[in-house]
Amino acid sequence: MDDVQRKAYWRKNVRLIGSLLVVWFSVSFGAGILFVEQLNAAGSIFDVPLGFWFAQQGSIVTFVILIGIYVLRMDKLDDEFGVAERDEHGRRH
């Protein structure tokens with residue numbers, strides 16, 4: 001991989017990380033702090049106010065989902081740039 005490809009790879013990686021962090025921030029800060037009153041008025045999950053649930057559980061669940069999205073997208077990005085780590089049978093190690 002030459003310098004141009006490395007910079008393109010890194011740029012796409014940073015853009016992906018940035019967009020995933022924006023989603024996580026929006027869920028944790030927005031739903032857990034800014035819109036907590038509106039969410040609490042909207043309902044509850046298992047008798048727990050919706051705003052509290054998003055602040056405590058929703059941001060954690062969102063984070064785990066975002067990790068999965070990051071892994072899948074980076075696998076595709078690695079394949080696109082030819083840097084995927086695979087054995088002779090095409091399996092990742």
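**Exercise 1. List the buried residues of α3 in this predicted model and name the elements that those residues pack against.**

Step 1. A residue is taken as buried when its relative accessible area is under 20%. In α3 the residues that meet this cut-off are Leu50, Gly51, Gly58, Ser59, Thr62, Leu66, Met74, Leu77, Asp78 and Phe81.

Step 2. Look for the partners of these side chains. The buried residues of α3 pack against α1, α2 (36-42), β1 (44-45) and β2 (48-49).

Step 3. Check the course of the helix. α3 has a kink of about 45 degrees, centred on Gln57. After the helix comes Gly82, with a positive phi near 70 degrees.

**Exercise 2. Find the residues of the largest nonpolar core and state which element gives the most to this core.**

Step 1. Seven residues make up the largest nonpolar core: Tyr9, Leu16, Leu20, Leu66, Met74, Leu77 and Phe81.

Step 2. Assign them to elements. At least two residues of this core come from α1, and at least two from α3. The greatest contribution is that of α3, with four residues.

Step 3. Take Met74 as one member of the core. With neighbours within four places in sequence set aside, Met74 contacts Tyr9, Asn13 and Leu16.

**Exercise 3. Identify the nonpolar patch on the surface and the elements that give two or more residues to it.**

Step 1. The patch is formed by Ile17, Leu21, Trp24, Phe63, Ile67 and Val71, which together have about 480 Å² of accessible area.

Step 2. Two or more of the patch residues come from each of α1 (3-34) and α3 (50-81).

Step 3. Inspect one of the patch residues, Ile67. Ile67 is placed in helix α3. Its relative accessibility is 40%, so Ile67 counts as partly exposed.

**Exercise 4. Locate the salt bridges and describe how each pair is placed in the sequence and in the helices.**

Step 1. The structure has two salt bridges.

Step 2. In one of them, Asp3 pairs with Arg6, and the closest N and O atoms are 3.4 Å apart. The two residues, Asp3 and Arg6, are about one helical turn apart because they are three residues from each other in helix α1. Arg6 has 46% relative accessibility and therefore counts as partly exposed.

Step 3. The other pair is Glu80 and Lys12, with 2.7 Å between the closest N and O atoms. Glu80 belongs to helix α3 and Lys12 to helix α1, so this salt bridge ties together parts that lie 68 residues apart in sequence.

Step 4. Compare the exposure classes of this pair. Glu80, at a relative accessible area of 51%, is exposed, whereas Lys12, at 34%, is partly exposed.

**Exercise 5. In the loop between β1 and β2, examine phi and exposure for Phe46 and Asp47.**

Step 1. Phe46 sits in the loop between β1 and β2, and Asp47 is found in the loop between β1 and β2 as well.

Step 2. Read the backbone angles. Phi is near 50 degrees for Phe46, a positive value in a residue other than glycine. For Asp47, also a residue other than glycine, phi is positive and near 65 degrees.

Step 3. Are these residues buried or exposed? The cut-off for exposed is over 50% relative accessible area. Phe46, with 81%, is exposed. Asp47, with 76%, is exposed.

Technical notes: Residues numbered from 1 in each chain as written. Predicted model: local features only at pLDDT ≥ 70, side-chain atom pairs only at ≥ 80, totals over all residues. Heavy atoms only, no water. Patch = residues over 30% accessible without salt bridge, like charges linked within 9 Å, V, L, I, M, F, W, Y side chains within 5 Å. Areas by Shrake-Rupley, 256 points an atom, 1.4 Å probe, with all protein chains shown as cover. Salt bridge = Lys/Arg side-chain N within 4 Å of Asp/Glu carboxyl O. Buried < 20%, exposed > 50% of the residue type's maximum accessible area, 1.4 Å probe, protein only. Core = buried A, V, L, I, M, F, W, Y, C linked by side-chain atoms within 4.5 Å. Contact = heavy atoms within 4.5 Å. Bend = angle between axes of the 7 residues up to and from the residue.
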